[in-house]
Amino acid sequence: MDNEGEPFTHWDVAELERVQRVRPNLPVIFCFLLIWGTEISPLTPAQQIQLLKVCYDIAFLLRDSEMMVAVYGSAGKVYREMRLFDQALACLSTALEIAKAIGSIELQAKCYNDMGSTYIKLHNYNKALDYYKQSLNAYMKTGEERGQANVYKNIGTLYMTLGDNGQAMVNYKNALCIHEKFGEEREQADVYSNIGNTYYSLGDNGQAMVNYKHALCIYEKFGEERKQADVYNNIGVVFMSLGDNGKAMENYKNALCIYEKFGEECKQANVYSNIGNTYYSLGDNGQAMVNYKHALCIYEKFGEELKQADVYNNIGAVFMSLGDNGQAMENYKHALCIHEKFGEELKQADVYFKIGAVFKSLGDNGQAMENYKHALCILEKFGEECRQADVYNNIGAVFYSLGDDGQAMMNYKKALCIFRKFEKEHGLATACGNIANIARFYNPVEAMELYRSALAIFQKHGDVIGQAETWHNIGFLYLNMSEDPEAEKSLKESLRLFELVFMNFGSLEKLKITVIETYIKTYRCLFRVSIILDKPEQALLASEQGRSRALKDSLQKKYGLESNAPSDEDTRYTSSLISEDNTSSLGKSCKQADVYSNIGNIYKSLGDNGQAMVNYKHALCIHEKFGEELKQADVYFNIGAVFKSLGDNGQAMENYKHALCIHEKFGEERKQADVYSNIGAVFKSLGDNGQAMENYKHALCIHEKFGEERKQADVYFKIGAVFKSLGDNGQAMENYKHALCILEKFGEECRQADVYNNIGAVFYSLGDDGQAMMNYKKALCIFRKFEKEHGLATACGNIANIARFDNPVEAMELYRSALAIFQKHGDVILQAETWHNIGIVYLNMSEDPEAEKSLKESLRLFELVFMNLGSLEKLKITVIETYIKTYRCLFRVSIILDKPEQALLASEQGRSRALKDSLQKKYGLESNAPSDEDTRFTSSLISEDNTSFVVICLSLEWLHLFTLASGKPLVTESVPKEIFSSVESEINGKEWLRDYIDRMVNEANAHVRLNRDESFEDRSLRLSCDDDGDESRQPSVLARGVRTATEIERARKSTEVRAEPSENSEDGNFPETSSTNSQATGGTQNQPQLPTQAPMSQATGIPQKSDEIPSVKVPQEHEDDTCTPLLPSGPETPIHHDPLEVLYRLLISPIEDHLTGPEVVFIPEDFTFKIPFGAMKDPDGRFLAERKRIRTGPSLSTLKLLRECPEHKHSKQS
């Protein structure tokens, strides 16, 4: 808006005279235009700016500074609404400067307030609060209480946004007091509405409703229909939270009607979103989706990204309830991306929680835990204690499913404490039930008390499903206590309540099937109790109901048949099911087959796979004899499961495919889903995550289609495990949480242990030890309760992984307990991992020789596993991934014990083991694995006479450099203290040296990119085309580089990226590099070469003025490496050092005397692969590439194998 002190209109003499004649009326015209144009008229923002330019000209003519402040202030507000925040702040800053110049404190106060509101839009809440406070102080100086009230309201809204409801309430009440003092009812209504919002966010719906009604009454009095609509919307939200969906819908529709009347589209979108929430809570996902999409369409139209995020979140919830986890995840990620963009941390927490739930349902406890921890971290940061309870509860559920009872209990108790503090009865009941699920294994009396407490709450609130599940748990507890009659009563009560739920679902067949899935377990428990009590008739009825309840109801409804459900006393029911007097031999044989199959199931559950297989085969033989294909499919499925448990994946796959073929033939989709799930498990065990995921998704799709929640839980868990193995903790957690939620819903305690254990693993990988411990302990408790030894050992190890940092003695005991179980069951991989962990504990206790022994034992066991995997290359790499960490720990111990040769071997093995094995197998090379005593192995890796090899190894505190050259002893250098002290002044606070080097690498790459020369040619992906003597390729190379004579000369003088190596001349000068110069390879024409960077002459290494490019250009090594972050530059992030010189000082100076050859091969580690080695500068400002030829490689062993590989195996193409 600034016109540099000149009017926007240029008047001639005649026009200026006419203006002067109306000069006395200009102030009135100014006020009319300003108020009409910005507050009354229907002008667009762009039109308002044009009108404000006229006002500016009037103020200019009158030389009225206050008018100028008004114009700039109004322009700032308009630009703010246009989301042109730079222009808005510029105008408001100008207004503030003028107000200060004329000494008007009141105008300064207004400007400060407007600037605060602008920074609110930018989500810069600190600056916003600072300007609001300056505005408030200015109003206090002038005694302008009305202005103070306005600022108090704005500050209150800011605190509401930050989640500080206490401060928000204080400021709103200050504003209300002032408005009441002056009798400003309309303004009071605004504050009442805001106070209602605050009470709502505090969970006090009663006070929220009172304040909303105060506001509504005033707005109705003054006919403020638009404001009434706002309040109607808020009242609807309160009714919604109270569970009164009817009243909520009524108020939402009142609001929507008014908004439509006035064309308030954005606010219509808000109501559409709320109506969608109401339909969602009513279970009408179709109408919910329709309304959410209406809202989303409007928000996209107006660019309301934050509100789009809320709608994406809600749409994700709808897809989640429909079982479409893929769409749910996609929408949640859209929401998360927007919230992260605008720094909406509390809303990020909500989305993380929901993403965690998706991962949970997918069975990916790792990703579920990761997201729960993200959510919890944010909620703790903002003190959102009440909402933390749900996260603790879900984290506890993850730990419980993972078998870590201790961690599960810890998290459940945290949730219980918070639920009790905030009087959240439903959450309190859930937490009591969860704690009881763990306690019942070691303290059944306490568990019974907790179940009874939970039951009382569910009964109070009429939660029939919660009651049914709790009665089931009570029955299960009585069963474990051998109080079988009481167990029978409790289980029957559970079934009675489940039946009530089932009958009340009416025509919602899918939901019926879902509920049936939730209490099949109760039928099974009742079957077990009936057998114990010697009630075979009742046992048969329980079995019959468990098999047929949902299907029977569907058939009766479809064909108008009468229901004839059995009662417990009706022993005649069984005989009513059979009407054939003379059962045929076919029927008898088929029943025999069913009995064999059931006996096989029992043996399978007892772990006796041999007897299970015998009985399954008997059943299969009979079914084949009588052509019972569907039942054959069931038996094939069971036989496949036995082979899977025996580790025979081939036979398992064969039987599963037989079963799948039959189920597809007869359209048995549900059973197909079970087979898909198991086939996915086979692929997972084979290391084929892609095929595993594909089959799991097939299974999940079918289970969702039929509403089979329990089976969805199994598949979610398995999908979570796939994501965890792929390193996607977010997706893993999301799937695990989905699984856990379903298992909790149906009281599947034993199965929750695995999920808790995996969620604990996710939290552990995310660094949230508290949540990890809580979930691990939950899992442990469940495993112990159900005597699951393998799970118990895993949970012990997981708990020890956390405890070892503060209680190494306890951790060692836990590891030893786990090791004993793994040794008992012959689990070599887990023995190896446990030995690794024991080594870590010894290392932390400074018992380094014991640590060395333990780590070597771990590696020995891992090597046994690796060698036994045969040709399963993918699985080998997976196994290698699991124990690279052991090599790194052995490296650390070797450094401590002053065993540099062993340290280098450990580092080398950790880098190259899997890749080297794969190359050897592919090209038929001989294996030459080192032994710990074979110190000659190192020298065997290097054979190039004029080449120095530099192996870079990193730890948090030290940089270790190993320098090797043919015929010379190994040189080991750690970063000396004098070099460390030379850079420590540049290290930020507690920054580790490793992190500092990482930062220097990023800054170096950013520096290189900023100073790149567009004439540089990137040939980093091409082996030397000249080396192979293939002149046929040279014309194509030249064709790509056709230039004018001037361009060629410039290219010659410019620095090339990753050029082919050229020989050092004796005088230290280097020949010019050419893409067609076959002599540039330094006599290695027939040797396979890695990409290299040629040394540059002084003329080309440092661009001269004649090059017509800036003199700060540097050699480009990673010119197209998009993975290297480009650090921000500018006045806010000055770089007071040259990162290229710092890297030289750290990496080259300590070993410079040992780099005697013309060529250096760097073996980087981790992020050091991104180092622009050739661009590092010595203290004299010379680039390393000016003095040395440079190559890089993944490991010494890999380079050795490449040299040994037959020449015909090497690619002649880029």
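Is E748 buried or exposed, and what is its relative accessible area? E748 is buried, at 14%. Keep that residue in mind. One caution before we go on: this is a predicted model.

Let's start with charge pairs. In general, side chains of opposite charge can pair when their charged atoms come close. In this structure there are 43 salt bridges. I'll take a few.

First up, E425 and K460. Their side chains form a salt bridge, with N to O at 2.8 Å. E425 sits in helix α22, residues 425-439, and K460 sits in helix α23, residues 444-461, so the bridge ties together parts 35 residues apart in sequence. How open are the two ends? E425 is partly exposed, with a relative accessible area of 26%. K460 is exposed, at 58%.

Next, D674 and K711. Here the N to O distance is 2.9 Å, again in a salt bridge between side chains. D674 belongs to helix α33, residues 669-685, and K711 to helix α35, residues 709-725, so this pair links parts that lie 37 residues apart in sequence. D674 counts as buried, because its relative accessibility is 19% and the cut-off for buried is under 20%. K711 is partly exposed, at 25%.

Now back to E748. Its salt-bridge partner is R751, and the closest N and O atoms are 3.5 Å apart. R751 is partly exposed, with a relative accessible area of 26%. So a buried acid meets a partly exposed base. The pair does not stand by itself: R710, D714, E748 and R751 are linked in a network of salt bridges.

On to polar contacts. E1159 lies in strand β5, residues 1159-1163. Its relative accessible area is 5%, which makes it buried. The side chains of E1159 and R1191 share a polar contact of 3.3 Å.

Then D130, in helix α7, residues 125-142. D130 is partly exposed, at 40% relative accessible area. Its side chain makes a polar contact of 3.0 Å with that of Q134. On helix geometry in general: an α-helix has 3.6 residues a turn, so residues three or four places apart point the same way. One more distance for D130. Its C-alpha atom is 10.0 Å from that of I155, and the two residues are 25 apart along the chain.

What about cysteines? A disulfide, in general, is a covalent bond between the sulfur atoms of two cysteines. How many disulfides are counted here? Zero. Take C55 as a case. The nearest cysteine sulfur belongs to C31, and it is 9.0 Å away. The cut-off for a disulfide is within 2.5 Å. C55 is in no disulfide. C55 is also buried, with a relative accessible area of 0%.

Last stop, helix α18. It covers residues 345-361, which is 17 residues. From first C-alpha to last it reaches 24 Å, close to the 24 Å expected at 1.5 Å a residue. Which of its residues are buried? Among them are L346, A349, V351, Y352, I355, V358 and F359. The buried set also includes Q348, G356, K360 and S361. Just after α18 comes G363, with a positive phi of about 85°.

To wrap up, three points to look at on screen. Find the network of R710, D714, E748 and R751. Find the α22 to α23 bridge between E425 and K460. And find C55, buried at 0% and in no disulfide.

Notes: Residues are numbered from 1 along each chain as its sequence is written. This is a predicted model: local features need pLDDT of at least 70, side-chain atom pairs count only at pLDDT 80 or more; totals for chains, interfaces and linings use all residues. Side-chain values use heavy atoms; hydrogens and water are left out. A salt bridge is a side-chain nitrogen of Lys or Arg within 4 Å of a carboxyl oxygen of Asp or Glu. Helices (H or I, at least four residues) and strands (E, at least two) are DSSP runs, numbered from the N terminus. Buried means under 20% relative accessible area, exposed over 50%, partly exposed in between (1.4 Å probe, protein chains only). A polar contact is a pair of N or O atoms within 3.5 Å; within protein, one must be able to donate a hydrogen and the other to accept it, and residues adjacent in sequence count only if both atoms are side-chain atoms. The expected span of a helix is 1.5 Å times one less than its number of residues.
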